[in-house]
Amino acid sequence: MQWQQASVIGRSQGDNLAVQVRDFPLQVLKLNPPPNTRLGVGAIAGLITGDLQVNQRTYATTGNINIEQPKVGRIKGDRFFAQFNYNNGVATLADSEFAKGNSRYAFSGTLKQNGKTPQLQGKVNINQGNIQDVLLVAELF
């Protein structure tokens, strides 16, 4: 599929679907962050490029993504990239980085959905981080 500058190509390989996404604007999907979170309101936006492997029976997914000009609620950056895996309700990020100006926020972790309460476990490494960015997320600035 091609739309303006964007392209999405899928190839079936047995039970798996290999998906290649290039320059796809996330705002077209009209996704919003969950309500009542510290992310604030507003659309999820950015230009995504990535390669994914999706099991068509279990929806287990693995891949890597790069998002230029990412935006989630009131959080905005220059670039976000991640290697990820999703299987049986558990999402894992590895070798991930959010960049804003000269600041770099590297992280890895897992998110499990158990009933109504998600469980998040992670590790963050801040390189030349800007305290205003952290306070923005914490709704203190």
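Visitor: Which residue forms a salt bridge with Asp-15?

Guide: The general idea is that side chains of opposite charge can pair when their charged atoms come close. In this predicted model, Asp-15 pairs with Arg-57, and their closest N and O atoms are 3.1 Å apart. Asp-15 sits in the loop between E2 and E3, while Arg-57 sits in the loop between E4 and E5, so the salt bridge ties together parts that are 42 residues apart in sequence. Asp-15 is partly exposed at 38% relative accessibility, and Arg-57 is exposed at 62%.

Visitor: How many salt bridges does the structure hold?

Guide: There are three. Another one joins the side chains of Asp-51 and Arg-22, with 3.2 Å from N to O. This pair also links distant parts of the chain, with Asp-51 in strand E4 and Arg-22 in strand E3, 29 residues apart. Asp-51 has a relative accessibility of 29% and counts as partly exposed; Arg-22, at 26%, is partly exposed too. Glu-97 and Arg-104 also meet in a salt bridge, at 3.8 Å from N to O. Glu-97 is buried, with a relative accessible area of 19%, whereas Arg-104 is partly exposed at 24%.

Visitor: Where is Val-8, and how far is its C-alpha atom from that of Arg-22?

Guide: Val-8 belongs to strand E2, residues 6-13. Its C-alpha atom is separated by 6.4 Å from that of Arg-22, although the two residues are 14 apart along the chain. Val-8 is partly exposed, with a relative accessible area of 24%.

Visitor: In what order do the elements of the chain run?

Guide: The chain has 10 strands and one helix. From the N terminus on, the strands are followed by the helix, in the order β-β-β-β-β-β-β-β-β-β-α.

Visitor: In which sense do E8 and E9 pair?

Guide: They pair in the antiparallel sense, over nine bridges. One of the bridges sets Phe-98 opposite Tyr-105 in E9. The hairpin of E8 and E9 has two residues between the strands, and Gly-101 takes a positive phi near 60° there. E9 in turn runs antiparallel to strand E10, residues 117-127, and 11 bridges join them. In that pairing, Thr-110 stands opposite Gln-121. The hairpin of E9 and E10 also has two residues between the strands, with Gly-115 at a positive phi near 65°.

Visitor: Which residues other than glycine have a positive phi?

Guide: As a general matter, most residues other than glycine have a negative phi. Among those with a positive value here is Lys-30, with a phi of about 55°. Lys-30 lies in the loop between E3 and strand E4, residues 45-55, and is exposed at a relative accessible area of 69%. Asp-95 has a positive phi as well, near 50°. Asp-95 is placed in strand E8, residues 90-100, and counts as exposed at 53% relative accessibility.

Visitor: How many aromatic pairs does the structure hold?

Guide: The structure holds two. Phe-80 and Phe-107 are stacked, at 5.9 Å centre to centre and 20° between the planes. Phe-80 lies in strand E7 and Phe-107 in strand E9, so this pair ties together parts that are 27 residues apart in sequence. Phe-80 is buried at 15% relative accessibility, while Phe-107 is partly exposed at 24%. Phe-98 and Tyr-105 form a tilted pair, 6.3 Å centre to centre with 40° between the planes. Phe-98 is buried at 15%, and Tyr-105 is buried at 9%.

Visitor: Which residues touch the most other members of the largest nonpolar core?

Guide: In soluble globular proteins, nonpolar side chains tend to be buried together. Here the largest nonpolar core has 14 residues, and those touching the most other members are Val-21, Phe-24, Ile-48, Ile-65, Ile-67, Phe-80 and Phe-98. Strands E3 (16-25), E5 (61-72) and E7 (79-87) each supply at least two residues of this core. Leaving aside residues up to four places away in sequence, Ile-67 touches several residues, including Leu-26, Ala-45, Leu-47, Ile-48 and Phe-80.

Visitor: What share of the chain's residues counts as buried?

Guide: Of the 141 residues, 25% count as buried. The chain exposes about 9,500 Å², and carbon and sulfur atoms supply 54% of that area.

Definitions and conventions. Residues numbered from 1 in each chain as written. Predicted model: local features only at pLDDT ≥ 70, side-chain atom pairs only at ≥ 80, totals over all residues. Heavy atoms only, no water. Core = buried A, V, L, I, M, F, W, Y, C linked by side-chain atoms within 4.5 Å. Buried < 20%, exposed > 50% of the residue type's maximum accessible area, 1.4 Å probe, protein only. Helix = DSSP H or I, 4+ residues; strand = E, 2+ residues; numbered from the N terminus. Contact = heavy atoms within 4.5 Å. Phe/Tyr/Trp six-rings, centres within 6.5 Å; stacked < 30°, edge-to-face > 60°. Areas by Shrake-Rupley, 256 points an atom, 1.4 Å probe, with all protein chains shown as cover. Pairing = 2+ DSSP bridges. Salt bridge = Lys/Arg side-chain N within 4 Å of Asp/Glu carboxyl O.
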